[in-house]
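Open your viewer and keep the selection box ready. Each stop below says what to pick next and what is there.

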Amino acid sequence: MASRRPTLALSRREGYESFRNRAAVVDRESADASNRSSGLASVDEESVTASLTPSVVSTNRAEALKRLQRAASSPVVTNDLRLRSETDEGKKVGSDSLCSLPECIDIESSPSATPSSSIQRNAGPFTIIAFVNSASGGGQGSKIYKSLQSHLGSAHVFDLHSCCPGNFPEDVLIRYAHDPNVRVLACGGDGTCGWIFSSLDKVWAKMLGQTDRVHLSKYREHLPVGIMPLGTGNDLSRQFGWGGEFRASMKDKSMVTSMQTSRLAGLDRWRCTILPMQNLSEEEKQIIPKILGESIHPVGRQPEEENVQIRSTVGVLHSLLDEDDLIHVTASQKKAQNSAKMNMSEPSHQLFDGVFCNYFSLGFDATIAYHFHQEREAHPEKFTSPTRNKIVYVEKSPLALRAPKLRKLIKVFVHNDQGQLVKLNVPKNCRAIILMNIQSYGGGNKLTTRAGNPTDGLIEVIFVSNLIRAATAAAMGPVVPFLRFRVAAQTDNVCIRTRCPLHCQVDGEPWLQGEGVISVKFHSRNSMLEKVKDSINCGCKSGAEEAVIEC
């Protein structure tokens, strides 16, 4: 049977707002790194993949798995790494050695860096750099772009919708990265914020290389991000006090004042690696536990201890590939497979390695988001405001009633408090699993009984039975707290094995994912700005410095 050529089916209109656009892994041999959109930006994965023949795709997948394995021990995701050439000056390394893409530099001596003394201040003691998605906010984005130019100066305001080579966010931000008094304003939804954080990752990778994370460096409080909410859910904006929707007053000077008086905070970000199982050879499957078992020595653990844990973890991860209990197709699997066939697009079998901020989910909530997204792509004229978006979302909610139970469709493993990977029992009636980093889900809903912290190095694992139960927890939870969901685990590492196509979503971006293995682990901690109601700014940084794992 001839292999089918995989496609990403991604909209170019989304650009780098799309998690999958940023995270899709392809073979570097088929994508010339010199053709990148900027010195630090990712390759256009869609155009590369669409041009490949089936035989080349097969080769690319094998090479991509090897690249994923090499990148697993680095805080830099796969697409931001490249193979170091044997001819690199002054270095004698093998062809499989990695370095961050571009070469690591001293930012103080870089020609692209601007000395602090020459940086213009446009907000009291601070310089505010604003990135506006002019396509967001139901037409408000373009008005905000012009308004911010009048308040901050045209040289400090950039339209993400019309980025060009040399003018991507990372190309701008690296000029200010050494200055602790520069603040970043992201004007858009959660996807826009994800793009800005991805750009910051490229900046820190260039400055720090592949061996360090920004929150462990002297730059941990540099380039903090504030948010002007222009999206539909705006969960990240809600988490840090910037509000759940755009208000007309944000176009005046008050937004600039809020950026000046906001306090420093932190945000954990999570690395999501997706490894499809379809069409993988036995040799390639054996690489998967090695990819998932790699670690880069978390804070507080000695390398010797970590190596022991890696060896034991790899043994557990091999059980993710067991096929013994996958032979019999259950009624739930048939229901899930039939549901997948009803969709217009084929399940994704692409490899992904990217980073998210808010949450990852799998199940009926992602199914609703998926059909909402399809409707928006087919009829954009219906989606002219956040209110109309929510109405369409409610109209798609009955689709959740057809979602299958997940107990026999997935395996879930998490790190316990000893750092060992253990299996987590999936409840019998579970129809969705949600991994929450912040306490705002689906447009401001708080689902859990245990208040998580976006800087504790932990992600909450929640099992959800059905839509009615979820709606009850969201609506009545503030009044009757026991109606909220119990947290099944708090951990820094989650592995999920899916046995059939299921809908997934990352920060509100949904897709249909084929059978495979999904890994979510702690990535880094970025500096944020939390809005304060008064004008007092203590300059404190919130959050614990070290993570304590519970399970």
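The tour goes from the whole chain to single residues.

**Whole chain**

Start with everything shown as a cartoon. Bear in mind that this is a predicted model. The chain holds 15 helices and 18 strands. Of its 551 residues, 57% count as buried. Now switch on the surface: about 23000 Å² is exposed, and carbon and sulfur atoms supply 51% of that. Among contacts with a separation of 6 or more, 78% are between residues 24 or more positions apart.

**Helix α8**

Select residues 253-261, which are helix α8. Which residues of this helix are buried? They are Met255, Val256, Ser258, Met259 and Thr261. Residues three or four places apart in an α-helix point the same way, because there are 3.6 residues a turn. Next, show what covers the buried residues of α8. The cover includes the strands β3 (127-132), β5 (182-188), β6 (225-229), β7 (263-276) and β18 (516-530). Helix α4 (140-152) is also part of the cover.

**Leucine 351**

Go to leucine 351, in the loop between α12 (331-341) and β8 (352-356). Is leucine 351 buried or exposed? It counts as buried, because its relative accessibility is 4%. Now show the residues that leucine 351 touches, leaving out those up to four places away in sequence. Ala23, Ala24 and Val25 are among them. So are Arg61, Ala64, Leu65 and Leu68. Ile274, Leu275 and Pro276 complete the list. Pick leucine 68 for a distance check. Its C-alpha atom is 9.1 Å from that of leucine 351, although the two positions lie 283 residues apart along the chain.

**Around the loop after α6**

Select serine 217, in the loop between α6 (190-208) and β6. Serine 217 counts as buried because its relative accessibility is 6%. Draw a distance from a polar atom of its side chain to the backbone oxygen of valine 214: it reads 2.8 Å. Beyond its neighbours within four places in sequence, serine 217 is in contact with Leu208 and Asp212.

Stay here for an aromatic pair. The chain has six aromatic pairs. In one of them, tryptophan 204 and tyrosine 219 are stacked, at 5.8 Å centre to centre and with 25° between the planes. Tryptophan 204 belongs to helix α6, while tyrosine 219 is in the loop between α6 and β6, 15 residues apart. Both residues are buried.

For another group of rings, select Phe19, Phe352 and Trp511, which form one aromatic cluster.

**The six-stranded sheet**

Next, find the open sheet of six strands. What is the order of its strands? It runs β14-β13-β12-β9-β16-β17, with antiparallel pairing. The edges are β14 (489-491) and β17 (509-513), each pairing on one side only. From one strand to the next, the twist averages 20°.

Zoom in on β12 (residues 432-436) and β13 (residues 459-464). These strands run antiparallel and are joined by five bridges. Pick leucine 435: its bridge partner in β13 is valine 461. In a regular strand the side chains alternate between the two faces of the sheet.

**A hairpin**

Select β10 (residues 410-415) with β11 (residues 421-424). Four bridges join these antiparallel strands. Valine 414 stands opposite valine 422 in β11. How many residues lie between the two strands of this hairpin? There are five, and glycine 419 in the turn has a positive phi of about 80°.

**Two positive phi values outside glycine**

Pick asparagine 234, in the loop between β6 and α7 (235-239). Its phi is positive, about 50°, although asparagine 234 is not a glycine. Asparagine 234 is buried, because its relative accessible area is 2%.

Last, go to aspartate 507, in the loop between β16 (502-506) and β17. Aspartate 507 is not a glycine either, and it has a positive phi of about 50°. Why does aspartate 507 count as buried? Its relative accessibility is 15%, and the cut-off for buried is under 20%.

Note on methods. Residues are numbered from 1 along each chain as its sequence is written. This is a predicted model: local features need pLDDT of at least 70, side-chain atom pairs count only at pLDDT 80 or more; totals for chains, interfaces and linings use all residues. Side-chain values use heavy atoms; hydrogens and water are left out. Buried means under 20% relative accessible area, exposed over 50%, partly exposed in between (1.4 Å probe, protein chains only). Contact means heavy atoms within 4.5 Å. Accessible areas come from the Shrake-Rupley method with a 1.4 Å probe; for residues, only the protein chains shown count as cover. A polar contact is a pair of N or O atoms within 3.5 Å; within protein, one must be able to donate a hydrogen and the other to accept it, and residues adjacent in sequence count only if both atoms are side-chain atoms. Two strands pair if DSSP finds at least two bridges between them. Axes are lines fitted to C-alpha atoms, for helices over the stretch in contact, and angles run from 0 to 180 degrees between N-to-C directions. Rings of Phe, Tyr and Trp (its six-membered ring) pair if their centres lie within 6.5 Å; planes under 30 degrees apart count as stacked, over 60 as edge-to-face and the rest as tilted.
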